[in-house]
Each structure stands twice: as structure tokens, then as C-alpha cells.
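Student: Please take me slowly through one part of this model, namely the sheet and what lies against it, and then show me how the same way of reading works elsewhere in the chain.

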Amino acid sequence: MRSAPSRAWTAAIRRPGFWRRLALAGLLLCAAGHAAASDLAERYPQVREFFPSADRFGSFSGDPRAAPVYAGNRLIGYVFLTKDMVRIPAYSGRPINNLIGLDMAGRIVGAAIVEHEEPILQAGVSEADLKRFVDQYTGKNAFDKISVGGVREGHVTIDAISGATITMMVENATITGSARRVAESRGLGMPAKTATPQLVKPSAPAAKTPAPGAGKAEPESLPVTLADEPLWVLVWSERKLKIALLMAGLGVLSLILIFQDYLAKHPTFLRYVRNGFMVYTVVFIGWYALGQLSVVNVLTFVHSAMHQFQWDTFLIDPMLFLLWSFVAVALLLWGRGVYCGWLCPFGALQELVYQVGQWFKLPTHEFSQMVHERLWALKYLILLALFGVSLQSMSQAEYLAEVEPFKTAINMHFLREWGYLLYAGGLVAVSAFNRKFYCKYMCPLGAALTIPAKFRIFDWLRRHRECGRPCQVCAQECEVQAIRKNGEINPNECHYCLDCQVTYWNDRKCPPEVERRKRRERAGRARELVAGMEETMGRAGIEQVAVPPPKRRDPPDRGSA
Ligand code: SF4
Ligand code: SF4
């Protein structure tokens, strides 16, 4: 007796048109396979130079992902992208993506950078220099220990390029780390002679064990090392001066925050301090040290925490590591405003442009409170969309994170294709007319920073009980319209510029303070009057004068620390 599946199969075969449909599906599958293969060579024409005898390329598959290369029916090697397995942030804070070809002996037959954001021009290094550096890997074995620019025992030496040390160190760790992972997973040129080359089928489970006879298993994810030291140790020692200058800047900012009341009472001094700090932020943190944080850092952190957290990944860039550490503490003590108001290079650039615009008396336009509050939501939607995409594909999310103009305006110093220039330049120009437009409505990083800021411990911004009831003076001055009609400060939107604190202490502008000053002046005048009367009438005469009862004391202000 036949089973149910077998009966269903027989019925399906007997159905009219079954064989025609099966043949069509087969054709489509072949076409898709061929398209994927030809896609690879079309997308990365370098693979033809890597493997001149190849007549067929498979598609990226397996773990780690690599595409098989064939000459006739013979497998002659693999091609892979380094970003699929080793993602070390380089000088720009982003990984460098290389296309590498490995032959069956585990020899690198070609290497080419396909994507990078390194600001090499600033260091006087050209793309041709970078290409020459990467070309040196051709002919090396995936298991060679490679030393850049210095002879070391047991290492193969390649030449360094002056001015791009960090980029080279990261490239070396990226190329050797990824080549080794692919060679191990496919059994290419394994040190043990008995290693057998093997094909990894598409969607094969993770190859966590080495090929037969290859000896001891290596960890799934290789630690990022150059020679015998972790790469980040070398990077930190390479950037001592920048680290010192950043630490000094963070120290100054801590003092500013601690003595904010003193500064708010001395507005001219505060203006110089704040403008000076913003210039430091744009020029040093942003353009020179490339310390612009990005929503991509947040996504990487979340994914890393969800999967395989490694401190090495975050320590590799000391600027970003120190900034994020400071921001984490500042979020708990002061909220997101400390980063957005003081440490974000693009935020500071917008604010400086606004101030220059004011100096030239450019007209400004702010949206009504209702429109403004609806537009706030946009940045949260952008953040959600990026997070959703990152769950599916981190590279896609990184690509979409170009909604942040940081890369163009800060990391690449506006040296980019015109489309990007138009976008970033447009946002900077808009900020001259609508203060911090991008921050208020579009920035997914600003939106992400509001989430941990919910756990803020202190409320250091002072408010009078009259703020918002009915006084709206500082609400109208707030650079990001973060003060609600009822006088409360919205900590999610506040950029901690301290303008409202300057107004708070200004007894010529802030109505409750004006009232207090007038009371003080009246009391002073009364004392002078009494003293004069004492002189003329004597003590006995004064006691005849009625003294008004003392005024009721005001209840304490809101929001005092
Ligand atoms: S909102 Fe975004 S661009 Fe603006 S200061 Fe904050 S992080 Fe920077
Ligand atoms: S004016 Fe006050 S509420 Fe507005 S951003 Fe500055 S510190 Fe925050």
C-alpha cells in the first residue's frame, strides 16, 4: 500500500503540464545561477584578473561567505569580501572592504579595496598608494604572518606607506584575518599535508572545525591581532597626542558642566567658552581626529551585544571609545544634550553657521510649535527604520545611514561626489535659517541618545515657578525649541546650550528675577531712607514710624539641582 505523500506525488506528475512546468522551473533556476555567477564578475571585474584561467564564478555562500571559482569543471580557488567576516573599524571609524582571491594552495592571487572611507587625501596618501600597498599581498600565503614596514622574525615583511599607519594596520589585520578564515574553512593550503580541499555548499552550517587532518580547531572569530599584540594596543600608542588632546577637552567640558551656574551668571565669558569649545569640536574632534559618532556605532553595539560582544571591536578606535564612554556617563548625569550641544562636530558646525548667519543678519524661520512637535517624530521613524533594516542586513543599514551627513561633512571634509555634497551642504546651509534643522528633525543618532537618557539621574537646569506660567522668554530663545509652553524643559530635545540658564540669572530680562531685583532695590532704598531719617530725627523719632510687615517668602524654584 502506497503512503499519502507518494500518492500525492503520483497525482502531481499526472497533472497536465507538470513536466512543462518542471522544465521551466529548471531553466529559471539555471538562469538565476548563471546570473548570480555572471553578476559577480560584472560587479567585481577584478576577479578576472585574479583568476585569468577562470571561466565560471559561483556566488557568495557558506560560512564564511566565499564564491568558488572554476576553470571548466575544476575548482581553482575562492573569491570573498573581507567585510563578510572581519569588520575592524579603521581610521574613519568604518571597516575597509577588500575583495580577495585565494587559490587552492591558500595563496592570495589578488587583493583590491572595493570600499573605504579613509580620509587618506588629508594625510597626503593617494588611492594609487593604497592600491600599491594592497597589491603587496598578492603571492602571500593565507597563513603567513605579515609585518608592515619592519623586519620581524618569522614574519613576511611588506612596505608601509607613510602617513596612513592606522589604515595599514587595520588593512593588514583585515586581509590576513579573513584570508585565514576562508582558507581554514575550505581547507586551502592548510599547514598539515593531509588537508583536503573541500567545497562548502550554499547555506552550509558554520564550519567551526578545521578540515580533516588540519590539527587544532581555531576559534570561530579570530581576535584582531597584529603580530602578537592586540591591534588596539598599537593604535592607542600610535595616537597618544590625539588621546591627550581629547582627554583635555573632555576635562574642560566636565568643568563647564560642573560650574554651569557660575558661567550662566557671566554670559559674555560663557559665550566665548562655548564658541571656543564648538570650534574645538568641529576642527579637532571632527575634522582632525574623526571623532564623529554615528548611528552606525549604535547599531553595531546593539548587534554585537546581541551576538558576539568583543571589546577589541570597540577599543580599536580610541577617539570613538573615549567619546562613547564619556557620553555614556553624561547621558546618566545630564541627558543627551551634553553630546548634542557640545561634542557633536556636525551639531557644532550647524550652530556656528547659524551664528555666522546672525552676524550677517540673515532672516530666520522656525516652525510653529505644533508643526515642530510633529516633525520631531521623523528622526525616531528614521532610527526605527535603520534598526529594522540592520536586523536583516548591516551593510544595507550602513548604506541607508547615509541619511547622516557626517561622513561627507566631517569624515571626508566635503571631498565627495556632488550628490552627497549637495545633501550635506544643503543641510548645513539650512541651519543658517532654521537653527539646527537636521538635529531637530532628522538625526537618528540624536533620537537613539534619548533612549538611555531616560535614566538621567539629575535635573541640573534651573527653572522658576513662573517659567511658562505665563513667562515664555527663554522658551522663545531656546535653540532647539525644547521648552514646552508650560515652562518644562523636554530633556529629549534639550541640547544643553545653557542659554535658558543665562536668562534664568538675568535680572534685567527674566521677569521673576527682574521682580526680585526691584524688590531688593526697593528694600535698599528703604534702608537708605531709614538711615537718613535716623540722622535727622534720631532713634526716638524713628520708632514712631510704622514699618510694613515682611513680604511672604517665595516657594523654591523648580528644577534646581
Ligand atoms: S542631533 Fe545629531 S547632528 Fe545634532 S547634535 Fe545631536 S547627534 Fe549631532
Ligand atoms: S535653552 Fe535651555 S532648554 Fe533650550 S537647549 Fe538650551 S539648555 Fe536646553
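Tutor: What follows goes through the sheet strand by strand, and then turns to some helices and a ligand site.

This is a predicted model, in which local features need pLDDT of at least 70 and side-chain atom pairs count only at pLDDT 80 or more, while totals for chains, interfaces and linings use all residues. Residues are numbered from 1 along each chain as its sequence is written, and chains are lettered from A and ligands numbered from 1 in the order in which they are written.

Five strands make up an open sheet, arranged in the order β1-β2-β3-β4-β5 with antiparallel pairing. Strands here are DSSP runs of E of at least two residues, helices are runs of H or I of at least four, and both are numbered from the N terminus; two strands pair if DSSP finds at least two bridges between them. In general, strands of a sheet pair through backbone hydrogen bonds, and the pairing may be parallel or antiparallel. The edges of the sheet are β1 (56-57) and β5 (108-115), each of which pairs on one side only.

Let us start at the β1 edge. Two bridges link β1 and β2 in the antiparallel sense, and one pairing to look for is that of Arg-56, whose bridge partner in β2 is Tyr-70. Between β1 and β2 (67-71) there is a loop that holds Pro-64, and the peptide bond leading from Asp-63 to Pro-64 is cis, with omega near 0 degrees. As background, most peptide bonds are trans, and most residues other than glycine have a negative phi.

Tyr-70 also leads to the next strand, since its bridge partner in β3 is Leu-75. Altogether five bridges join β2 to β3, and these two strands run antiparallel. They form a hairpin with two residues between them, and in its turn Gly-72 has a positive phi of about 65 degrees.

At the other edge, strand β4 (residues 97-103) is joined to β5 by six bridges, again in an antiparallel arrangement. Two of the pairings can be followed along the strands: the partner of Asn-98 in β5 is Ile-113, and the partner of Leu-99 in β5 is Ala-112. The hairpin of β4 and β5 has four residues between the strands, and there Gly-106 takes a positive phi near 80 degrees.

Helices lie against this part of the sheet. Helix α4 (residues 127-135) packs on the sheet and touches β4 and β5, with its direction at about 150 degrees to that of β5. Helix α5 (residues 165-186) lies across β3 (74-81), β4 and β5, and runs at about 40 degrees to β4. Such angles run from 0 to 180 degrees between N-to-C directions, the axes being lines fitted to C-alpha atoms, for helices over the stretch in contact; two residues are in contact if their C-beta atoms, placed from the backbone, lie within 7 Å.

The same reading applies to a pair of helices elsewhere. Helix α15 (residues 369-392) packs with α20 at an angle of about 90 degrees, their axes being 8 Å apart. The two helices are therefore roughly perpendicular to each other, a term that covers 65 to 115 degrees, whereas angles under 35 count as roughly parallel, over 145 as roughly antiparallel and the rest as oblique. From α15 the contact takes Lys-379, Tyr-380, Ile-382, Leu-383 and Leu-386, and from α20 it takes Pro-444, Gly-446, Ala-447 and Ala-448. By class, these residues are seven nonpolar, one polar and one charged, where Ala, Val, Leu, Ile, Met, Phe, Trp, Tyr, Cys and Pro count as nonpolar, Asp, Glu, Lys and Arg as charged, and the others, Gly among them, as polar.

Finally, α20 brings us to ligand 1, because α14 (345-359), α19 (437-441) and α20 (444-453) each supply at least two residues of the shell around it. Around ligand 1 stand Cys-340, Cys-344, Phe-346, Gly-347, Tyr-438, Cys-439, Cys-443, Leu-445 and Gly-446, a residue being near a molecule if its C-beta atom, placed from the backbone, lies within 6 Å of it. This shell has seven nonpolar, two polar and no charged residues.
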